[in-house]
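Okay, thanks for coming, everyone. I'll put the model up and walk you through a pocket, a helix and some ring pairs.

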Amino acid sequence: MVDKKRPVNLDLGTIRLPITSYVSILHRISGVITFFGLAVMLWLLDLSLDSEQSFNMLKDLVAHPAVTFFVWGSLIALAYHTVAGIRHLVMDFGLGEESFNSGRNSAWIAVALSLLVILVITSWVLSW
């Protein structure tokens with residue numbers, strides 16, 4: 001017999017996931033953003049290497065705030081994905097998965113390192 005009176009929580013605002021879940025979900029999202037951003041970044045690289053005219057056109061294009069925001073977003077997605085990927089790689093070697101606390105601590109370290117790298121990228125992009 002199946003118990004039909006089990007509790008069902010459909011209010012997503014009350015569900016609290018651990019930090020490890022957020023780090024994992026953001027790792028997947030940043031991977032998708034990096035995948036699609038890579039195609040555009042490779043096109044921009046090709047444009048910059050094609051000729052002097054296309055390079056000058058690219059300089060004008062990158063000066064537009066929307067393009068700058070796209071490049072910034074692609075770079076921070078790549079940075080976060082790299083840091084979280086290194087965390088997963090270290091955990092694949094068996095380090096940091098002894099207990100729930102060590103997994104949570106490594107997630108916080110990944111978030112802190114990502115924020116540090118994102119700040120460096122942001123200051124670099126804003127200095128253009």
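Let's start with the lining of the largest pocket: by class it has eight nonpolar residues, one polar and no charged ones. Nonpolar here covers Ala, Val, Leu, Ile, Met, Phe, Trp, Tyr, Cys and Pro; charged is Asp, Glu, Lys and Arg; polar is the others, Gly among them. Before I go on, the fine print: this is a predicted model, where local features need pLDDT of at least 70 and side-chain atom pairs count only at pLDDT 80 or more, while totals for chains, interfaces and linings use all residues. Numbering runs from 1 along each chain as its sequence is written, and side-chain values use heavy atoms, with hydrogens and water left out.

Back to the pocket. Which residues line it? They are M41, L44, L45, S48, V62, V71, L75, W124 and W128. The space inside is about 170 Å³, taken as the volume filled by probe spheres set on the grid points, which are joined across faces, edges and corners. A pocket, for the record, is an open set of points on a 1 Å grid over the protein atoms alone, where a 1.4 Å probe fits, with protein on both sides within 12 Å along at least five of seven lines; lining residues have an atom within 4 Å of a point. Helix α1 gives the largest share of that lining, four residues, and α1 and α3 each supply at least two. Helices are DSSP runs of H or I, at least four residues, numbered from the N terminus.

Next, α2, residues 52–62. Its buried residues are S54, L58 and V62. They fall within an arc of 75° seen down the axis, so they line one face of the helix; that arc is taken over the directions from the helix axis to the C-beta atoms. Buried means under 20% relative accessible area, exposed over 50%, and partly exposed in between, with a 1.4 Å probe and protein chains only. On the face turned away from the buried side you find exposed E52, Q53, K59 and D60. And what covers the buried residues? The cover includes α1 (19–50) and α3 (65–92).

Over on α3, two residues to click on. T68 sits in that helix and is buried at 18% relative accessible area. Leaving aside neighbours within four places in sequence, T68 contacts V62, A63, V125 and W128, contact being heavy atoms within 4.5 Å. S74 is in α3 as well, and is buried at 7%. Not counting residues up to four places away, S74 touches G37 and M41.

Now the rings. How many aromatic pairs do we get? Three, if rings of Phe, Tyr and Trp (its six-membered ring) pair with centres within 6.5 Å, planes under 30 degrees apart being stacked, over 60 edge-to-face and the rest tilted. One of them is F69 with W72, a tilted pair at 5.6 Å centre to centre and 35° between the planes. Those two are three residues apart in α3, about one helical turn. F69 is exposed at 57%, whereas W72 is partly exposed at 23%. Then take W124 and W128: their ring centres are 5.4 Å apart and the planes are at 80°, so that pair is edge-to-face. W124 is partly exposed at 49%, and W128 is partly exposed at 46%. Both tryptophans also appear in the pocket lining.
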